[in-house]
Amino acid sequence: MESRRNIDELLRSQNFKADGSTAETAYRYAQCMATVENCIVVVSDLKENCSRIFHGRFSERLGVAGYSHENSIWETAILAKMDAAEQECKYLSEIRFFNFIRHVPATRRRDYYLAGHLRFNAGGQEKIDVLHRMYYLGGEGSEIARYAICVYGPMSVALPARSVVVNNVTGDYMELSGETDKGILSKREKQILSLIETGMTSKAIADRLCISVHTVSRHRQEILSKLQVGNSTEAIRIARQLGIIGIR
């Protein structure tokens with residue numbers, strides 16, 4: 001899936017620095033949470049591109065007990081329990097969350113987590129409603145996180161939307177939707193991306209907007225960075241999907 005590849009590049013292309021966080025700290029936290037809450041906790045090391053999975057009894061219900069390691073940051077055996085549309089919804093919410101958290105001061109990033117309502121296939125026509133929570137651990141400066149911690153458990157609480165950012169200090173929440181997507185790119189960046197979509201060159205865009213080619217190039221690079229894609233074609237696709245620019 002393209003959205004999965006984009007969030008993968010987004011997380012793993014960070015400027016990782018020594019921040020005092022260790023894998024053992026994250027693993028101890030995950031093991032305690034899985035034991036106390038009977039949930040499944042996945043710790044993904046974004047720098048080393050690997051994951052460890054810790055289990056409570058909820059893993060028996062999902063049929064993933066015994067699944068403990070993954071040589072990627074994606075818990076593929078768990079994700080396989082969702083259909084393609086549901087996975088895409090999860091990946092887009094994580095792109096939104098990352099773009100939200102990157103604008104939060106580093107000292108406040110641990111105040112927020114992502115909560116979402118996912119539907120898993122239990123076999124046949126049966127569906128299981130799952131509460132998914134995602135936390136980032138250990139990010140400073142240009143780095144958002146060294147570890148991503150994902151928690152899967154039964155849908156024990158009602159969320160106000162399919163996906164929300166929760167402030168775990170105040171209890172406030174904000175829905176992640178098309179409205180929040182609008183703030184990912186600035187007005188000028190949206191304008192330039194829309195002109196790129198029509199096939200205009202940087203020189204033509206510069207002439208149209210009465211700015212320098214250098215300024216257009218700077219905006220183009222910022223667009224790719226914010227949407228975490230490698231080229232303009234991918235930027236247009238993701239921006240359409242998020243509703244940032246018009247969908248054809």
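**An open antiparallel sheet, its helix and its enclosed spaces**

Eight strands build an open sheet in this predicted model, arranged in the order S3-S2-S1-S6-S5-S4-S7-S8 with antiparallel pairing. The edges are held by strand S3 (69–70) and strand S8 (173–175); each has a single partner strand, so one side of each is left without a neighbour in the sheet. Helix H5, residues 84–101, packs on this sheet and touches S4, S5, strand S6 (147–154), strand S7 (163–167) and S8. The direction of H5 makes an angle of about 175° with that of S4.

The pairings along the sheet may be followed from S3 inward. Two bridges join S2 and S3 in the antiparallel sense, and arginine 52 stands opposite histidine 69 in S3. Between S1 and strand S2 (residues 50–55) there are six bridges, again antiparallel. In that pairing valine 41 faces phenylalanine 54 in S2 as its opposite residue. S1 and S2 form a hairpin with four residues between them, and asparagine 49, located in the turn, has a positive phi of about 60°. Elsewhere in the sheet, strand S4 (residues 112–123) and strand S5 (residues 126–137) run antiparallel and are joined by nine bridges. Here alanine 115 stands opposite arginine 133 in S5. In a regular strand, side chains alternate between the two faces of the sheet.

Charged contacts add links between parts of the chain. Side chains of opposite charge can pair when their charged atoms come close. The structure contains 10 salt bridges. One of them joins arginine 146 to aspartate 45, with the closest N and O atoms 2.8 Å apart. Arginine 146 belongs to the loop between S5 and S6, whereas aspartate 45 belongs to strand S1 (residues 40–45), so this pair ties together parts that are 101 residues apart in sequence.

The next topic is empty space. Rolling a probe the size of a water molecule over the atoms shows where such space is left. Three cavities of 30 Å³ or more are present. The largest cavity holds about 80 Å³ and is lined by 11 residues, of which Ser44, Ile73, Trp74, Glu75 and Cys150 lie nearest its centre. H5 and S6 are the elements that give two or more residues to this lining. By class, the lining of the largest cavity comprises seven nonpolar residues, one polar and three charged.

The second largest cavity has a volume of about 70 Å³. Both H5 and S4 supply at least two residues of its lining, and S4 gives the most, with five. Among the lining residues are Cys89, Lys90, Leu114, His132 and Arg162. Ala115 also lines the second largest cavity; this is the residue that stands opposite arginine 133 in the pairing with S5. The lining of the second largest cavity divides into four nonpolar, five polar and two charged residues.

Arginine 133 appears again at the largest pocket, where Tyr113, Leu131, Arg133, Ser156 and Val157 lie nearest the centre among 15 lining residues. This pocket contains about 240 Å³ of space. S4, S5, S6 and S7 each contribute at least two residues to the lining of the largest pocket. The lining of the largest pocket consists of 11 nonpolar, two polar and two charged residues.

How values were computed:
Residues are numbered from 1 along each chain as its sequence is written. Side-chain values use heavy atoms; hydrogens and water are left out. Two strands pair if DSSP finds at least two bridges between them. Contact means heavy atoms within 4.5 Å. Axes are lines fitted to C-alpha atoms, for helices over the stretch in contact, and angles run from 0 to 180 degrees between N-to-C directions. On a 1 Å grid over the protein atoms alone, a cavity is a set of points where a 1.4 Å probe fits but cannot get out, and a pocket is an open set with protein on both sides within 12 Å along at least five of seven lines; lining residues have an atom within 4 Å of a point. Grid points are joined across faces, edges and corners, and a volume is the space filled by probe spheres set on the points. Ala, Val, Leu, Ile, Met, Phe, Trp, Tyr, Cys and Pro count as nonpolar, Asp, Glu, Lys and Arg as charged, and the others, Gly among them, as polar. A salt bridge is a side-chain nitrogen of Lys or Arg within 4 Å of a carboxyl oxygen of Asp or Glu.
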